[in-house]
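Me: Please take a close look at one part of this model, the place where the metal and its neighbouring ligand sit, and describe it in a connected way.

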Amino acid sequence: MESINLLEHKKRPWVVAHRGYRGKFPENTLAAFEAAIDVEADMIELDVCLTSDRVPVVIHDETLDRTTDGKGLVSEHSLSDLKKLDAGSWFSAEFRNENIPTLEELLQKIRGRITVNIEIKLESFEAPAPPDSIEIQVCKLVEKLGMTDSVIISSFEHLFFARIQRWYRAQKKSTALRMAPLQGSPLAEEFAVALCKRNKAYSYHPDESLVTHSLIQTLKADGLRIFPYTINDEKRMEKLIKWGVSGIISDEPERLWKVIREQRSLE
Ligand code: G3P
Ligand code: MG
């Protein structure tokens, strides 16, 4: 399903496939995203940063070394250089034809098939912002492709959200994109709510170790959704679902589906 509006009617947590189906496929490649669609995840999560010629590409690390056969910073390579790299063999030889997708290629492929959580990597934040800053490129692309109801934008760099709101104001439009602060270090509940409100957030995406029953209830009472990352352990999935989490970001979407189905059969 490609509509967040429609997903909101589901009375169960959403299955969010982290970097695609990362547990069984090379992360942030088309193979991993297609696999997530095949197992009926509700949403894929992906990471974007800029090439040296300022094209948003889908890759997690600041450097190429771990997930490709290249070396060095992504931001110091042009798109044509990056396209020559193999982004699959590090995981398994059968994926040697995978390459680094541009955000546009990926969105074109999945448009109308699944929703997307686009994480803008904090390393891509530029101060002051040039006209083609990553967050503005992402907004323009999502608008151009008519995907505003399919996308949540998240980041550990919360200043991106004010920039996105400012861009919409300059277009004389209200902010159509759903935004979500990522949070990796402890934050008191009232500060988490204040962070979300200040950024006009749709949802809050904390590290799973920071999530308590009370935090979930506090956020929900304020009309906020909560999508913790990254949970692969069944027992932890069960607990978070019992506590009423809005969705779970997992490398193992099939495992998460199994836990959701088992819990629903007990209800
Ligand atoms: O968006 C959730 C999660 O992906 C954040 O951490 O490092 O996996 O991008 P990371
Ligand atoms: Mg991410």
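Reply: In this predicted model, the protein donors of the magnesium ion (ligand 2) are spaced along the chain as E-x1-D-x71-E. The pair Glu-45 and Glu-119 thereby links distant parts of the chain, with Glu-45 in strand 2 (residues 43-50) and Glu-119 in strand 4 (residues 115-120), 74 residues apart. The donor atoms themselves are OE of Glu-45, OD of Asp-47 and OE of Glu-119, and they lie 2.0 to 2.2 Å from the magnesium ion. Both Glu-45 and Glu-119 are buried. Since water is not among the atoms, the site may look incomplete, and the three residues named here are the protein donors.

The three donor residues also belong to the surroundings of ligand 1, where Glu-45, Asp-47 and Glu-119 are listed together with His-18, Arg-19, His-60, Lys-121, Phe-156, Leu-182 and Tyr-229. By class, this shell is made up of five charged, three nonpolar and two polar residues. Several side chains make polar contacts with oxygen atoms of ligand 1: His-18 places an N or O atom of its side chain 2.8 Å from one, a polar side-chain atom of Lys-121 is found at 2.9 Å, and the side chain of Asp-47 has an N or O atom at 3.1 Å. Taken alone, ligand 1 exposes 290 Å², and the protein buries 89% of that area. Asp-47 thus appears in both descriptions, as a donor of the magnesium ion and as a residue with a side-chain atom 3.1 Å from an oxygen of ligand 1.

One member of the shell around ligand 1, Tyr-229, also takes part in a backbone feature, as a cis peptide bond joins Tyr-229 and Thr-230, with omega at about -25 degrees. Thr-230 is found in the loop between strand 8 (225-226) and helix 9 (234-243).

Strand 2, which carries Glu-45, spans residues 43-50, and Cys-49 has a number within that range; Cys-49 is in no disulfide, the nearest cysteine sulfur being that of Cys-139, 17 Å away. Cys-49 counts as buried because its relative accessibility is 8%, and Cys-139 is likewise buried, with a relative accessible area of 0%. The structure as a whole holds zero disulfides.

After strand 4, the strand of Glu-119, comes the loop that leads to helix 5 (134-144) and contains Pro-128. Here a cis peptide bond joins Ala-127 and Pro-128, with omega at about -5 degrees.

Conventions:
Residues are numbered from 1 along each chain as its sequence is written. Chains are lettered from A and ligands numbered from 1 in the order in which they are written. This is a predicted model: local features need pLDDT of at least 70, side-chain atom pairs count only at pLDDT 80 or more; totals for chains, interfaces and linings use all residues. Side-chain values use heavy atoms; hydrogens and water are left out. Donors are N, O and S atoms within 2.8 Å of the metal (3.2 Å for Na, K and Ca); water is not among the atoms, so sites may look incomplete. Helices (H or I, at least four residues) and strands (E, at least two) are DSSP runs, numbered from the N terminus. Buried means under 20% relative accessible area, exposed over 50%, partly exposed in between (1.4 Å probe, protein chains only). A disulfide is a pair of cysteine sulfur atoms within 2.5 Å. A residue is near a molecule or strand if one of its heavy atoms lies within 4 Å of it. A polar contact is a pair of N or O atoms within 3.5 Å; within protein, one must be able to donate a hydrogen and the other to accept it, and residues adjacent in sequence count only if both atoms are side-chain atoms. Accessible areas come from the Shrake-Rupley method with a 1.4 Å probe; for residues, only the protein chains shown count as cover. Ala, Val, Leu, Ile, Met, Phe, Trp, Tyr, Cys and Pro count as nonpolar, Asp, Glu, Lys and Arg as charged, and the others, Gly among them, as polar.
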